[in-house]
Amino acid sequence: MSARPRYRFEQFFATRRIVAMQPAPDGESVLFVSDISGQFNLWRVASQGGWPRQLTLFTEDSVREAIFNKDGSRIAFLADHHGDEQFQVYLMDAVGGWPERITDRPDVQYSLGGFSPCGRYLAFAGNAANPQDVDIYIYDLETKETRQLTPGGGLRYAFSFSPDGSKLLAVQFYGNTNHDLLLIDVASGEIRNLTAHQGREAVYLPGPWLKDGSGFYFATNDGREFQAIGFYSLAEDRWSYVLTADWDIEGVALSADQRLMAYVVNEAGRSVLHVIERESGRPVDLPALPAGVILDVRFAGRDSRNRLFLHMATYKEAATIYLLDIDAGTLTRITESMLGNVPEEVFVEPELVYIDAFDGLRIPAWLYRPHGIQPGQKVPVVLSIHGGPEAQERPGYNYGGFYQYLLSQGVAVLAPNIRGSTGFGIDYQKRIHRDWGGAELKDIEACNRYLRSLDWVDGDRIGVWGGSFGGFATLSAAARQPDLWACACDFCGPSNLITFVQSVPPHWKPIMKAWVGDAEEDRELLIERSPITYVEQIKAPLMVVQGAMDPRVVKAESDQMVERLRALGREVEYLVFEDEGHGFTKRTNQLKGYSAMADFLLRHLVKEDA
């Protein structure tokens, strides 16, 4: 590879992580969650940009998401401690001040719903009454009393009040691919299931109400492979599709006057924004947007101007917030996420490729090829397996700059969407159910075979890396395909499916059988699919990274794998973060963790003379 400037790891990771946004109702500012302070806190910035104002001052707790009330005077948000995901609910004045914690159950995980139109009530959900159920609660901001609205039984999540405040739109969650929409009377607690669909599975995700309260929009894939937008009419007590596409439609937003509708289509991972006149369906012209991923799209609730807030990321820019003025045809960045002073030409744009699986399935994958490969030269590769598994690898500034740093060091990256990934139809997604460690492991083998077919890849220097489910897949590959990998790096992945399904958060347990398997009934299957079963076969050097506070994949999952390998005298490095959960919330830990993983991969993949 030709000589090129070397940029430091710290430069690629010099980003402000912006993980959630909420425009103020008047559109004059936007609320967002960021680690500018070194920990996820709540910030507010003017819609024309400028230096943001920090609203919360947490150092050990992490803010996760926040919402305004209708007039923009109050904010509700969630925060947890050391990444333990036991989210508690807080209230504060929008002008600032110290937040008031309105829940105090460190054994309970809460989620936000929304403020009532009058601003007096806040809806949220949590597993406070029964650890295995999630119920909906109403908090009275005047009396400071909390009332349980739903009677228990299943997983129910609040989303939004009707415009007159009398009803609450909610979701009954049965699993990742099966939901129902509920309409709950706030006074009586009476529940109406609006989308009963016995005998089949379907996703239902609530969207915005019409201002007159006559109905609401939502996303669903009922009867379809891909998610589309439906409208539910309360007067007619039925729904119909209003927007469909050949890919998933991921979000829908209405302008303040409800004349315009914005929605995003996920085309194999890249986002395509559409804005139409809501009633006629006529497309509205938009300026060109950066090619990448739109994470969220919102209009301000009382802003008469046609301005759309976008939370976006590209392969060369970490997620940041833009303001799209539809009438003026202008796009303005209002937050800054990149601080490392790395020239744009250094970053590598991924190529979408398709890989043939053993059964004829085509596996979409993003291939990142380092700049400057010389004729005849062969470079190492990291195969990156995303978590979820029902999630999607997309062309953003992924893992805080991890890919781009490896690329700058001459290491290619292949990031596939193996079966079980979202974004490619419901059939593709459901292929992982009760098949962890099954056909998707053959997909990983197909990806390795594909890499070896490329004339610029060194087949003896292919490493595998992944987090969460990707960590499980990494351990499976290292243990069950030992001759394919030069090294492996597991970030908080399960090693033993029996202990994994027994140790997940209590409200996950009712759905684990259909998703992974039952510890008793499926014992033989889970043993056969667990990486720990094949630990003696591991040959490649292995690194394991784990958060001690992880509630999803508990530390014991990593401990047992490391202990067995060390007893066998195998090469394994183990890095534990005592004050982290499932991933990194603190910037210092993010830098330490990803630096250690990158260093491990480079030590084992890059030749000294490269």
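This is a short walk through the empty spaces of this structure and one of its helices. Keep in mind as you look around that the model is predicted.

Let us begin with space that is closed off inside the protein. The structure holds one cavity of 30 Å³ or more, and the volume of the largest cavity is about 40 Å³. To find it, look for the residues around it: R270, A291, G292, Y315, E349, P350 and P395 form its lining. Sorted by class, that lining has four nonpolar residues, two charged ones and one polar one.

Next come the pockets, which are open. The second largest pocket contains about 290 Å³ of space. It is lined by 19 residues, and those closest to its centre are K316, E317, R333, M338 and E344. Its lining as a whole has nine nonpolar, five polar and five charged residues.

Now let us move along the chain to helix α9, which covers residues 555-567. This helix has 13 residues and reaches 18 Å from its first C-alpha to its last, close to the 18 Å expected at 1.5 Å a residue. Which residues of α9 are buried? They are E557, S558, D559, Q560, M561, V562 and L565. An α-helix has 3.6 residues a turn, so residues three or four places apart point the same way. With that in mind, you can trace what surrounds α9: its buried residues pack against two helices, α5 (469-480) and α6 (497-503), and against the strands β33 (487-491), β34 (542-547) and β35 (572-577).

Our last stop comes after the helix. There, α9 is followed by G569, a residue with a positive phi, near 75 degrees.

Note on methods. Residues numbered from 1 in each chain as written. Predicted model: local features only at pLDDT ≥ 70, side-chain atom pairs only at ≥ 80, totals over all residues. Heavy atoms only, no water. 1 Å grid on protein atoms, 1.4 Å probe; cavity = no way out; pocket = protein on both sides within 12 Å on 5 of 7 lines; lining within 4 Å. Points joined across faces, edges and corners; volume = space filled by probe spheres on them. Nonpolar A, V, L, I, M, F, W, Y, C, P; charged D, E, K, R; others polar. Helix = DSSP H or I, 4+ residues; strand = E, 2+ residues; numbered from the N terminus. Expected span 1.5 Å × (residues − 1). Buried < 20%, exposed > 50% of the residue type's maximum accessible area, 1.4 Å probe, protein only. Contact = heavy atoms within 4.5 Å.
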